[in-house]
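Me: I should like to go through this structure by question and answer, beginning with a loop and proceeding to the interior and the surface.

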Amino acid sequence: MALPDLFRGVMVGDGHRPVGRPLRAAQDEAGVPPGVWKGRGLAGVGLVAGEVVTERQAELLLGEGPAPYADRIERERLEAGDTPAKARRPTVLGRPIEHNQSPETEKAKERTPWLAMDLVFRAPSTVHIAWALGDDETRLVLELCQDIARDKTLAWLEDAVAQIRWKAGGKQRKPIRDGLIVAVFRHYESRAAESKPLLHDHAVVSIRARRPDGT
């Protein structure tokens, strides 16, 4: 997905985020909670399930390609005496994004880096009506049901669907090791109709995952 769509929409409740507005302030203004990290692949990049998604983490992992703590890793390696190139190496996940943008790469101009996909989880319309018109207890129960359904589906994707491909043309294909890396954002209104109640979640799935050999 495009980085502007992530920062101006998905992370702030599909609303308009003014230029320069801090992420948390924009989320508070939109009435949505901060995003949280999910998935069994988090440990591989130094994240923890339930940890709040920061703007810099999303910018790096979901928008540019390196590890979510790339800044810190690179700074520590530079302080230890590494050259800039060597300090950057541990932050790279898979093939560097520059590979697709290099003029030396075949058909480079036709390639648009794709680092994440947005899955939307929403219940049937009857649930939205009950959630919108119900009391606080009803809403809490329905939101918990939404949490359970979403997390069970993500776990199923990790176990039975997700594969990683490598080598020329993606000929080598195996189930992912560990699991996925997902940023989940809860929304309460419809993007198409402003102020229309619509309980749903955006699960932004990183395409970065471990091969069976751990790389």
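Me: In the loop between which strands is the place of Asp178?

Reply: The model is a predicted one. Asp178 follows β4, which spans residues 172-175, and β5 covers residues 182-189. The loop that holds Asp178 therefore lies between β4 and β5.

Me: Is Asp178 buried, partly exposed or exposed?

Reply: Buried requires under 20% relative accessible area and exposed over 50%. Asp178 has a relative accessibility of 39%, so its class is partly exposed.

Me: What is the phi of Asp178?

Reply: Most residues other than glycine have a negative phi. Asp178 is a residue other than glycine, yet its phi is positive, near 75°.

Me: Which element gives the most residues to the largest nonpolar core?

Reply: This core has 22 residues, and Leu6, Met11, Trp37, Leu62, Phe185 and Val204 touch the most other members. Two or more residues come from each of α1 (3-8), α2 (23-30), α3 (55-64) and β5. With three residues, the element that gives the most is α3.

Me: How many residues are in the other core, which includes Phe121 and Leu157?

Reply: That core lies apart from the largest one. Ile176 and Val205 are also among its members, and its size is 12 residues.

Me: Which residues make the nonpolar surface patch of about 290 Å²?

Reply: A patch member needs over 30% relative accessible area. Met117, in strand β2 (residues 116-122), has 35% and is therefore partly exposed. The patch is made by Trp114, Met117 and Ile207.

Terms used:
Residues are numbered from 1 along each chain as its sequence is written. This is a predicted model: local features need pLDDT of at least 70, side-chain atom pairs count only at pLDDT 80 or more; totals for chains, interfaces and linings use all residues. Side-chain values use heavy atoms; hydrogens and water are left out. A nonpolar core is a set of buried Ala, Val, Leu, Ile, Met, Phe, Trp, Tyr and Cys residues joined through side-chain atoms within 4.5 Å. Buried means under 20% relative accessible area, exposed over 50%, partly exposed in between (1.4 Å probe, protein chains only). Helices (H or I, at least four residues) and strands (E, at least two) are DSSP runs, numbered from the N terminus. Patches are made of residues with over 30% relative accessible area and no salt bridge: like charges are joined within 9 Å, nonpolar side chains (Val, Leu, Ile, Met, Phe, Trp, Tyr) within 5 Å. Accessible areas come from the Shrake-Rupley method with a 1.4 Å probe; for residues, only the protein chains shown count as cover. A salt bridge is a side-chain nitrogen of Lys or Arg within 4 Å of a carboxyl oxygen of Asp or Glu.
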